[in-house]
Amino acid sequence: MSPTLLAAALAGETTERPPVWMMRQAGRYMPEYRELRQRLSFLELCDDGDLCAEVTMQPLRRYNFDAGIVFSDILIILQRMGLDLSFGKGHGPAIANPVRSMADIQALREVDAVRDLPAPLKALRILKEIAPVPVLGFAGAPFTLACYAVEGGGSRDWVRTKRLMWEQPAAFQALLDRLADAVGDLLQAQVEAGAAGVQLFDTWAGALPVEDLRRFALPAAARALSRVKGAPTLYFTRDSGPFMPWLHEAGASAIGLDWRVDVAHARSVLGPDVPVQGNLDPIALFAPAEELVRKTRAIIQAAGPRGFVFNLGHGIVPETPMDAVEVVVEAVRAWRWTG
Ligand code: CP3
């Protein structure tokens with residue numbers, strides 16, 4: 001059954017078909033989510049544990065996913081550390097008081113997940129009772145959170161972040177350490193609240209040269225993940241194709257792949273014992289159904305029967321047609337490795 005399918009794949013076992021879920025499977029492509037958002041801001045939603053559970057359930061009611069992911073956002077923890085986070089219409093997150101110096105870093109508040117981030121923990125406890133499938137927890141990886149904290153929002157080139165990293169490496173390291181401890185605490189609290197596993201999103205680590213990936217991003221991810229006991233851990237990075245030989249340094253039990261990388265190639269570099277997750281291009285959900293099914297099957301075929309979780313290579317975009325999600329879910333569920 002479904003719960004064991006996700007657990008088995010994340011444990012590196014052979015499954016008759018891969019389990020399937022999608023990054024950002026809850027969100028603006030669904031009318032029931034947009035309806036809630038007319039009444040509440042995104043941050044208000046993220047602060048209400050009952051509503052986080054409800055939004056996590058929305059895609060699980062509509063589709064036959066084999067896993068859920070608790071509804072929240074990677075940036076909420078920065079708000080709890082004292083950063084003034086907002087989400088403007090159409091232009092993503094912004095932080096009004098970004099971190100630019102050692103003094104700023106030392107002024108960050110200590111975060112205790114149980115005290116400061118109760119909503120996703122409450123949601124996980126509710127979902128443990130009501131969700132039909134296992135539900136994952138998650139957090140942003142220290143490097144990716146540092147990018148937003150230093151830059152004050154999204155960026156194409158992350159110039160301020162890289163400048164702080166190279167001009168004041170001790171300060172940048174202190175920031176990563178603070179973030180790693182807070183994130184590790186949050187991940188472990190999610191496991192204790194019932195998460196079937198946790199995913200660390202290192203979206204922007206792909207902006208780094210390998211040297212700095214190994215000096216900053218991977219050890220910080222490992223520091224966070226070392227706090228997680230008793231559940232599988234996934235490490236996801238965008239643009240990580242060239243990073244395969246080193247990703248194990250994050251210390252996760254499984255690797256999430258973005259859509260650019262060939263799954264068979266990734267597996268050949270990572271080694272046959274590393275469970276992987278991925279990696280359909282989320283924009284393929286706009287392709288004709290036949291092409292979408294062909295691409296879905298090609299990924300499963302290339303991944304092989306052992307230790308594989310089907311997912312997108314990044315999050316669903318808001319314009320995604322809802323029928324396409326069902327086409328993919330059903331194509332994965334129809335797959336059989338053995339008779
Ligand atoms: O996957 C899920 O369904 C769980 C919930 C989830 C959200 N964000 C909800 C969300 C998860 C796992 C995330 C992760 C996240 N958030 C990442 C890492 C993964 C990635 O996408 O690279 C990052 C970088 C963020 C930061 C963030 N949050 C951005 C850049 C934005 C704006 C994006 C946009 O399209 O406007 C958000 C907002 C956000 N997070 C929304 C949702 C559903 C949209 C909020 C809204 O309703 O307006």
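Select helix α14 (residues 289–303) together with helix α15 (residues 322–334) in this predicted model, and look along the line from one to the other: α14 passes α15 in a right-handed crossing. The two axes come within 10 Å and cross at roughly 40°, and because that angle falls in neither the parallel, the antiparallel nor the perpendicular range, α14 and α15 are oblique to each other.

Keep the pair in view and step back to the loop between β8 (276–280) and α14, where Asp-281 is found. Is Asp-281 buried, partly exposed or exposed? With a relative accessible area of 25%, Asp-281 is partly exposed. If you draw a distance from its C-alpha atom to that of Cys-147, the viewer should give 24 Å, for two residues that are 134 apart in sequence.

Now select strand β8, which contains Asn-279, and display the backbone of the peptide bond that joins Gly-278 and Asn-279. This bond is cis, with omega at about -20°. In general, most peptide bonds are trans.

From Gly-278, move to Met-22, whose C-alpha atom is separated from that of Gly-278 by 8.9 Å although the two residues are 256 apart along the chain. Met-22 lies in the loop between α1 (2–10) and α2, and with a relative accessible area of 0% this residue is buried.

The next stop is helix α9 (residues 142–151), which also holds Cys-147, the far end of the distance drawn from Asp-281. Colour α9 by accessibility: ten of its ten residues are buried, so the helix is largely enclosed by the rest of the structure. Among the buried residues are Pro-142 and Phe-143 at one end, Tyr-148 further along, and Val-150 and Glu-151 at the other end. Just after the helix comes Gly-152, which has a positive phi, near 85°.

Add helix α11 (residues 169–192) to the selection. The axes of α9 and α11 come within 9 Å and cross at roughly 120°, which makes α9 oblique to α11. The crossing in which α9 passes α11 is right-handed.

Hold α11 and exchange α9 for helix α12 (residues 210–225). Here the axes come within 7 Å and cross at roughly 30°; because angles under 35 degrees count as roughly parallel, α11 and α12 are described in that way. In this pair too the handedness can be read from the view, since α11 passes α12 in a right-handed crossing.

Return to the loop between α9 and α10 (159–167) and select Trp-158. Its phi is positive, about 55°, although the residue is not a glycine, and Trp-158 is buried, with a relative accessible area of 2%. A second such backbone value is found in the loop between β6 (233–236) and β7 (254–256), the place of Asp-239: phi of this residue is near 60°. At 26% relative accessibility, Asp-239 counts as partly exposed. As background to both stops, most residues other than glycine have a negative phi.

Switch next to a representation of the empty space. The largest pocket holds about 1,500 Å³ and is lined by 45 residues, of which Arg-24, Arg-28, Phe-42, Asp-73 and Phe-87 lie nearest its centre. Which helices should be highlighted around this pocket, as suppliers of at least two lining residues each? They are α2 (31–39), α3 (42–46) and α9, and the largest share, four residues, comes from α2. Coloured by class, the lining shows 24 nonpolar, 14 polar and seven charged residues.

Finish with the enclosed space, where the count comes to one cavity of 30 Å³ or more, with a volume of about 80 Å³. Of the 13 residues that line this cavity, Ser-72, Asp-73, Pro-120, Phe-138 and Leu-186 are the closest to its centre. Asp-73 is therefore worth keeping selected, being named both here and among the residues nearest the centre of the largest pocket. The elements that give two or more residues to the cavity lining are α5 (76–80), β4 (135–140) and α11, and β4 provides the largest share, three residues. By class, the lining divides into nine nonpolar residues, three polar and one charged.

Definitions and conventions
Residues are numbered from 1 along each chain as its sequence is written. This is a predicted model: local features need pLDDT of at least 70, side-chain atom pairs count only at pLDDT 80 or more; totals for chains, interfaces and linings use all residues. Side-chain values use heavy atoms; hydrogens and water are left out. Buried means under 20% relative accessible area, exposed over 50%, partly exposed in between (1.4 Å probe, protein chains only). On a 1 Å grid over the protein atoms alone, a cavity is a set of points where a 1.4 Å probe fits but cannot get out, and a pocket is an open set with protein on both sides within 12 Å along at least five of seven lines; lining residues have an atom within 4 Å of a point. Grid points are joined across faces, edges and corners, and a volume is the space filled by probe spheres set on the points. Ala, Val, Leu, Ile, Met, Phe, Trp, Tyr, Cys and Pro count as nonpolar, Asp, Glu, Lys and Arg as charged, and the others, Gly among them, as polar. Axes are lines fitted to C-alpha atoms, for helices over the stretch in contact, and angles run from 0 to 180 degrees between N-to-C directions. Angles under 35 degrees count as roughly parallel, over 145 as roughly antiparallel, 65 to 115 as roughly perpendicular and the rest as oblique. A crossing is left-handed if the near helix is turned anticlockwise from the far one by less than a right angle, and right-handed if clockwise.
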